[in-house]
Amino acid sequence: MSRVLLIVSGGIAAFKSLELVRLLRRDGIAVTAVLTEGGAQFVTPLSLQALTEDKVYSALWSLTDESEMGHIQLSRAADLLVVAPASANMLAKMAAGVADDLASTVLLATDKPVLVAPAMNVRMWTHPATQANMATLRARGVQAVGPEEGAMACNEYGFGRLAEPPAILAAIQALLRPAARPLAGRHVLVTSGPTHEPIDPVRYLANRSSGRQGHAIAAALSGLGARVTLVSGPVALADPPGVTVRRVETAEQMLAACIAALPTDVAVCAAAVADWRVAAASDAKLKKVPGAPPPALALVPNPDILATLATAGPARPRLVIGFAAETDDMLQHAQAKRARKGCDWIVANDVRPETGIMGGALNEVHLLTAEGIEAWPRLPKSDVAARLALRIAEAMGAMEALS
Ligand SMILES: Cc1cc2nc3c(=O)[nH]c(=O)nc-3n(C[C@H](O)[C@H](O)[C@H](O)COP(=O)(O)O)c2cc1C
């Protein structure tokens, strides 16, 4: 049985660590908890003890625990150390190598893999100190899940919300079980975000895509062991850890970056690529001339990245997946798109403004394959990504079995 040492540090999201323990136990993973002094302000040792069915550790100076070098034993007995929630303070201590309480001492003394699930106010998260600490930790091989974007307990909105317990569980499973890395050895291309098509040096045509779904897919595929190249249009998102990111602006640049990324086993085209660009973008800012009519913008078609990849001959990825964002007759249009573009699967979503999907945190998709149409429930984009990544892994496994 795998064992996780769960370190709960001081943050308002600490209550979610109880749900995480429940999910881990249900999955057959044993949990021992270490509670920081800050963590104990938000959850009680008794709740953690009841759910882990194990002693909860807090004090570094406990004589009984330390007669057997408890802080070393705790890390030795675990297969993985998980800090959830990871406070800004705990991340700073980990990055600096501070060991002034039981949790930070165990984290410094361990040779086991470490996963952190940061959770904090958006300004604490975006503060250069926290970002530098995360970069240091990532460079040392510490894995991270989240934080996610959303409404916060402090009545603010932004990045800093603890990843949902199912997403943390998935990250733990991927780290604990090499078999849970079914895409190891595969190279996957993911496109994400909008494109910006220049009108002149200061203006551009764009769309409302946030890149959240594409970035979540890149992260989920990476979590299953794939080597992921993410070609992203302009987005305000952090790079998913462990993923190679190529940043582009226009559809033409996106196509070039995709072609440069080949060969890949799978391509997931989640970017909202502009269908058209301005025929002759001006090198100088267009001037408003009093009395003159507004300039007419002549448009020309952009390259079709999905169709190009799906018909790339010997360079074609074995599985090519497109997205269809529709506002009317969604399934009909998506089915037609699957046939027209020559791709294997289409993930269709209804992006009418009232659905809140474009730019939002949730998604409700239909998966169209050669076998038929599946309606998936309304889920956080990270869960849609996790499901899709698992389906991709299954499909690749099935192809492998046939060849
Ligand atoms: C009500 C309240 C909520 C807090 N929420 C967070 C939080 O979500 N994330 C965070 O990093 N710190 C948060 N803090 C600050 C930490 O609790 C504080 O930095 C503490 O020293 C962390 O200790 P630890 O890292 O040892 O657990 C909060 C503090 C208070 C009083």
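1. How many bridges join β7 to strand β8, and do they run parallel or antiparallel? Keep that one in mind as you scroll through the model, which is a predicted one. There are four bridges between β7 and β8 (residues 157-161), and the two strands run antiparallel. Within that pair, Ala151 stands opposite Tyr157 of β8. The two strands make a hairpin with five residues between them. Have a look at Asn155 in the turn too, since its phi is positive, about 65°.

2. Now zoom out to the whole chain. The protein splits into domain 1, covering 3-179, and domain 2, covering 181-402. If you take the C-alpha centre of each domain, the two centres sit 34 Å apart. The domains do touch: 13 residues of domain 1 are in contact with nine residues of domain 2. On the domain 1 side, the elements giving two or more residues are β6 (143-144), β7 (148-151) and α9 (165-176). Helix α9 supplies the largest share of that side, with five residues. Sorted by class, the domain 1 side has seven nonpolar, two polar and four charged residues. So you have already met one of these elements, β7, in the hairpin with β8.

3. Next, the sheet. It is an open one with six strands, and the order across it is β3-β2-β1-β4-β5-β6, with parallel pairing. Which strands stand at the edges? They are β3 (56-57) and β6, and each has a single partner strand, so one side of each has no neighbour in the sheet. For a close-up, pick β1 (residues 3-8) and β2 (residues 30-35): six bridges join them, and they run parallel. One pairing to find by eye is Leu5, whose bridge partner in β2 is Thr32.

4. Helices pack on this sheet as well. Helix α6 (residues 102-109) touches β1, β2, β3, β4 (80-86) and β5 (114-118), and its direction makes about 125° with that of β2. Helix α2 (residues 45-52) lies across β1, β2 and β3, and it runs at about 170° to β2. Try turning the model until β2 points straight up, then compare each helix with the strand.

5. What about the inside? In soluble globular proteins, nonpolar side chains tend to be buried together. Here, the largest nonpolar core has 117 residues, and the ones with the most contacts inside it are Ile217 and Leu221. That core takes at least three residues from each of domain 1 and domain 2. Click on Ile217 and you should find that it touches Val190, Val268, Ala270, Ala385, Leu388 and Ala389, leaving aside residues up to four places away in sequence.

6. Is Glu197 buried or exposed? This residue is found in strand β10 (residues 197-198). It has 23 C-beta neighbours inside 10 Å, and the cut-off for buried is 20 or more, so Glu197 counts as buried. Apart from residues up to four places away in sequence, Glu197 touches Tyr204, Leu205, Thr250, Ala251, Ala274, Arg277 and Val278. For a sense of scale, the C-alpha atoms of Glu197 and Ala95 are separated by 41 Å, and the two residues are 102 residues apart along the chain.

7. Some backbone oddities are worth flagging. Most residues other than glycine have a negative phi, and most peptide bonds are trans. Which peptide bonds are cis? One runs from Ala84 to Pro85, with omega near -5°, and Pro85 has its place in strand β4. Another runs from Gly146 to Pro147, with omega near 0°. Pro147 is in the loop between β6 and β7.

8. Finally, two residues with a positive phi. Glu53 is not a glycine, yet its phi is positive at about 55°. It is in the loop between α2 and β3, and with 11 C-beta neighbours inside 10 Å, Glu53 counts as exposed. Asp329 also has a positive phi, near 40°. Where is Asp329? Asp329 is in the loop between β17 (319-326) and α13 (330-341). Asp329 is exposed, with 10 other C-beta atoms within 10 Å.

Conventions: Residues are numbered from 1 along each chain as its sequence is written. This is a predicted model: local features need pLDDT of at least 70, side-chain atom pairs count only at pLDDT 80 or more; totals for chains, interfaces and linings use all residues. Domain bounds come from an automatic or database domain assignment. Two residues are in contact if their C-beta atoms, placed from the backbone, lie within 7 Å. Ala, Val, Leu, Ile, Met, Phe, Trp, Tyr, Cys and Pro count as nonpolar, Asp, Glu, Lys and Arg as charged, and the others, Gly among them, as polar. A nonpolar core is a set of buried Ala, Val, Leu, Ile, Met, Phe, Trp, Tyr and Cys residues joined through C-beta atoms within 7 Å. A residue is buried if 20 or more other C-beta atoms lie within 10 Å of its own, exposed if 12 or fewer, and partly exposed in between; C-beta atoms are placed from the backbone. Two strands pair if DSSP finds at least two bridges between them. Axes are lines fitted to C-alpha atoms, for helices over the stretch in contact, and angles run from 0 to 180 degrees between N-to-C directions.
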